[in-house]
Amino acid sequence: MYALAGQQAAAADAGRRVDADYVASGTLRREPGARLVVSVQLVEARTAAVVWAEDFVGPLDEAFRLEDAIGDRIVASIAREIETSERN
């Protein structure tokens, strides 16, 4: 979250501070053999509940493919809520 860069904040607290409904947070880990492990979780800011979490593993040189996959999975995890709010 660029608005809070350099600050320590729990995902839910950070989401509330910038008026976001959800916050994605995670870690990157490089493993032997030029492999990248990205652990991501999506947190509902209002309740601090983890609504989705997943690990993504792939070759380091495919980091952008992993980034796309992560974005797709985040959108899929909240798609129903987005569709409902757009109908109202």
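Start with Glu44: setting aside neighbours within four places in sequence, this residue is in contact with Ala12, Asp21, Tyr22, Ala49 and Val51. Glu44 sits in strand β2. Is Glu44 buried or exposed? With a relative accessible area of 16%, Glu44 is buried, because the cut-off for that label is under 20%. Keep in mind that all of this comes from a predicted model.

**One of the partners of Glu44**

Ala49 turns up in that contact list, so let's look from the other side, because contact just means heavy atoms within 4.5 Å. Where is Ala49? You'll find Ala49 in the loop between β2 and β3. Again leaving out neighbours within four places in sequence, Ala49 is in contact with Leu42, Val43 and Glu44. There's also a link to an earlier part of the chain: Ala49 and Ala12 are 37 residues apart along the chain, and their C-alpha atoms are separated by 8.2 Å.

**The overall layout**

Now step back to the whole chain. How many helices and strands does the protein chain have? There are 2 helices and 3 strands, and from the N terminus on they run α-β-β-β-α. The protein chain has 88 residues, and 26% of them count as buried. About 6300 Å² of the protein chain is exposed, with carbon and sulfur atoms supplying 50% of that area. As for contacts, take those between residues at least 6 apart in sequence: 30% of them join residues at least 24 apart.

**Inside the core**

Which residues make up the largest nonpolar core? This core has 11 residues, and the list goes Tyr22, Leu36, Val38, Val40, Leu42, Trp52, Phe56, Leu66, Ile70, Ile74 and Ile78. The elements that give two or more residues to this core are β2 (35-44), β3 (50-59) and α2 (63-87). Want to trace some of the links yourself? Try Ile78: not counting residues up to four places away in sequence, Ile78 touches Tyr22 and Leu42. You've met both of these already, since Tyr22 is also in contact with Glu44, while Leu42 is in contact with Ala49.

Two core members carry rings worth a look. A search of the whole structure finds 1 aromatic pair. The rings of Trp52 and Phe56 have their centres 6.3 Å apart, and their planes meet at 55°, so this pair is tilted. Why tilted? An angle of 55° is not under 30 degrees, which would count as stacked, and not over 60, which would count as edge-to-face. Both Trp52 and Phe56 are buried.

**Two loop residues with positive phi**

Most residues other than glycine have a negative phi. Which way does Asp19 go? Its phi is positive, near 60°, and Asp19 is not a glycine. Asp19 lies in the loop between α1 (11-17) and β1 (22-31). Ala34 is another non-glycine residue with a positive phi, about 60°, and its place is in the loop between β1 and β2.

How open are these loop residues? Here they are, with Ala49 added:

| Residue | Relative accessibility | Label |
|---|---|---|
| Asp19 | 71% | exposed |
| Ala34 | 35% | partly exposed |
| Ala49 | 32% | partly exposed |

Asp19 earns its label because 71% is over the 50% cut-off for exposed. Ala34, at 35%, counts as partly exposed because its value falls in between 20% and 50%, and the 32% of Ala49 gives that residue the partly exposed label too.

Definitions and conventions. Residues numbered from 1 in each chain as written. Predicted model: local features only at pLDDT ≥ 70, side-chain atom pairs only at ≥ 80, totals over all residues. Heavy atoms only, no water. Phe/Tyr/Trp six-rings, centres within 6.5 Å; stacked < 30°, edge-to-face > 60°. Buried < 20%, exposed > 50% of the residue type's maximum accessible area, 1.4 Å probe, protein only. Core = buried A, V, L, I, M, F, W, Y, C linked by side-chain atoms within 4.5 Å. Helix = DSSP H or I, 4+ residues; strand = E, 2+ residues; numbered from the N terminus. Areas by Shrake-Rupley, 256 points an atom, 1.4 Å probe, with all protein chains shown as cover.
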